Amino acid sequence: QNIVVQVGQCGSQIGCRFWDLALREHASLMSPTNAKKCIYDASMNAFFRNIDSSKNTPLAYPSPIHTLKARAVLVDMEEGVLRSILASPLRDLFEGEQFIRDVSGAGNNWAVGNRFYGGKYRNVLSEEIRRQAEQCDSLQSFMLIHSMGGGTGSGLGTFILGLLDEMYPKVCRIVTPVYPSKDDDVITSPYNSVLATRELTEHADCVIPVDNDSLIDIVARCDSSSKPKDDGRHPFDSMNTIVANLILNLTSSSRFDGPLNVDLSEIPMNLVPYPRIHYLISSQVPAPFKTSAANSSIPRNTNQIFRDALSPHYQTLRVRPQTDGVYIACGMILRSKTIQMSDIRRNIDMLKLKHMKFVKWNEDGWK
């Protein structure tokens, strides 16, 4: 099982979009006329618990679906976003103990989030994380979602990461941090980002960084309905959807059965050569904007998918490894019922020959 920890306004919004999309994917495979398809199975058990609400007791898999609860901890020192979650259709997905909140906020200050609120809520956070872990048969990973520019996301988010390292040092910790854009209106965001990045280097097993500038570029190029408004506001809804779909696709192997599936812990195992070099560049094709991944525009053919996956236009981080550096390793997750293994091997050979330069000691570093 995997536990999602979403911290701060940004982390909570992305996390809840992830849960919404995950439920939609599972629902698309279930039929109200076929009871056999409405079963809580081992794959759904990876991110959800099944509760008999009449007796308030957990149900083991396989069993009919009663009330699903997310394996999650939601943390924010301003209760605005958490309050909106309680008023949304997702409210039944969480229990009251899963919400850890305050009212005053961290004031966009890393030290307030990390030192003040970290010390104040350490015991509460430890107990709730432990409660969620004890409800797992085999805890595989923690997935942490937070921003790097705000006080709660950067400060308290990295405090929780250190707490996870202390409490569960052998459980994989995968972090998706959102870095601020260059024109961010929070004057302390560069300092918060630098202080938080040090903590990510020390305590995370795998970091998949996302930056707002790249998200804005992807939205502006691919989704004409969500371009920035005349008043300069960014299309945060579409930007959050991109990050939520990134996590959705990353966890697809854990949430569904498949002959070629991989565990989340295998991602850092195959892509991280040394413990501190654990920052990955991510991209996804096609770029999703609708409420369901199935509604996204589909590339014309398999060859186009592979070329776009390595294009800077689809990366969630503004770097150019194709021209400015070498690859240490590369991993691709494909979700399809139609792509043949021969197409995959042919495209990988072509990319290695024409578009990618690997380090000499790992020239076959593909997964």
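Is Val 219 buried or exposed? Val 219 is buried, because its relative accessible area is 0%, and the limit for a buried residue is under 20%. The residue belongs to helix α7. Its C-alpha lies 29 Å from that of Lys 367, a residue 148 places away in sequence.

This is a predicted model, so confidence comes next. The mean pLDDT of the protein chain is 87. A score of at least 70 is reached by 92% of the residues. One stretch needs care. Over residues 290–299, pLDDT stays under 50. The model still has 16 contacts for this stretch beyond four places in sequence. Where pLDDT is low, the predicted coordinates should not be read in detail.

Now turn to the interior. In soluble globular proteins, nonpolar side chains tend to be buried together. Here the largest nonpolar core holds 51 residues. Trp 19, Phe 47, Phe 48 and Phe 94 have the most contacts inside it. Helix α8, residues 236–250, gives the most to this core, with 8 residues. A second core of 34 residues is separate from it. Leu 156, Val 171, Val 175 and Val 207 are among the members of that second core.

Phe 48 repays a closer look. Neighbours within four places in sequence are set aside here. Phe 48 then touches Trp 19, Ala 22, Leu 23 and His 26, among others. Its partners also include Tyr 40, Leu 68, Lys 69, Ala 70, Arg 71 and Leu 93. Trp 19 therefore appears twice in this account: as a contact of Phe 48, and with Phe 48 among the residues that have the most contacts inside the largest core, a set of buried residues joined through side-chain atoms within 4.5 Å.

Next comes a pocket. The second largest pocket contains about 850 Å³ of space. Its lining is made up of 35 residues. Gln 9, Cys 10, Ser 147, Asp 184 and Val 186 lie nearest its centre. Which elements supply at least two residues of the lining each? They are α1 (8–28), α5 (151–167), β10 (172–179), α7 (212–222) and α8. Helix α1 has the largest share, with 5 residues. By class, the lining has 18 polar, 11 nonpolar and 6 charged residues. Helix α8 thus has two roles: it gives the most residues to the largest core, and it supplies at least two residues of this lining.

Val 194 makes a contrast with the opening residue. Val 194 sits in helix α6, residues 189–203. Val 194 is exposed, because its relative accessible area is 59% and the limit for exposed is over 50%. Its C-alpha is separated by 9.3 Å from that of Gly 149, although the two are 45 residues apart along the chain.

Finally, consider the backbone. Most residues other than glycine have a negative phi, and most peptide bonds are trans. Where does the model have cis bonds? One joins Tyr 61 and Pro 62, with omega about -5°. Pro 62 is in the loop between β4 (57–59) and β5 (63–64). Another joins Val 285 and Pro 286, with omega also about -5°. Pro 286 is in the loop between α10 (266–271) and α11 (302–309). Asn 108 has a positive phi, near 55°. Asn 108 lies in the loop between β8 (99–101) and α3 (110–120). Asn 108 is partly exposed, with a relative accessible area of 35%.

Conventions:
Residues are numbered from 1 along each chain as its sequence is written. This is a predicted model: local features need pLDDT of at least 70, side-chain atom pairs count only at pLDDT 80 or more; totals for chains, interfaces and linings use all residues. Side-chain values use heavy atoms; hydrogens and water are left out. Buried means under 20% relative accessible area, exposed over 50%, partly exposed in between (1.4 Å probe, protein chains only). Helices (H or I, at least four residues) and strands (E, at least two) are DSSP runs, numbered from the N terminus. Contact means heavy atoms within 4.5 Å. pLDDT is the predictor's confidence in each residue, from 0 to 100. On a 1 Å grid over the protein atoms alone, a cavity is a set of points where a 1.4 Å probe fits but cannot get out, and a pocket is an open set with protein on both sides within 12 Å along at least five of seven lines; lining residues have an atom within 4 Å of a point. Grid points are joined across faces, edges and corners, and a volume is the space filled by probe spheres set on the points. Ala, Val, Leu, Ile, Met, Phe, Trp, Tyr, Cys and Pro count as nonpolar, Asp, Glu, Lys and Arg as charged, and the others, Gly among them, as polar.
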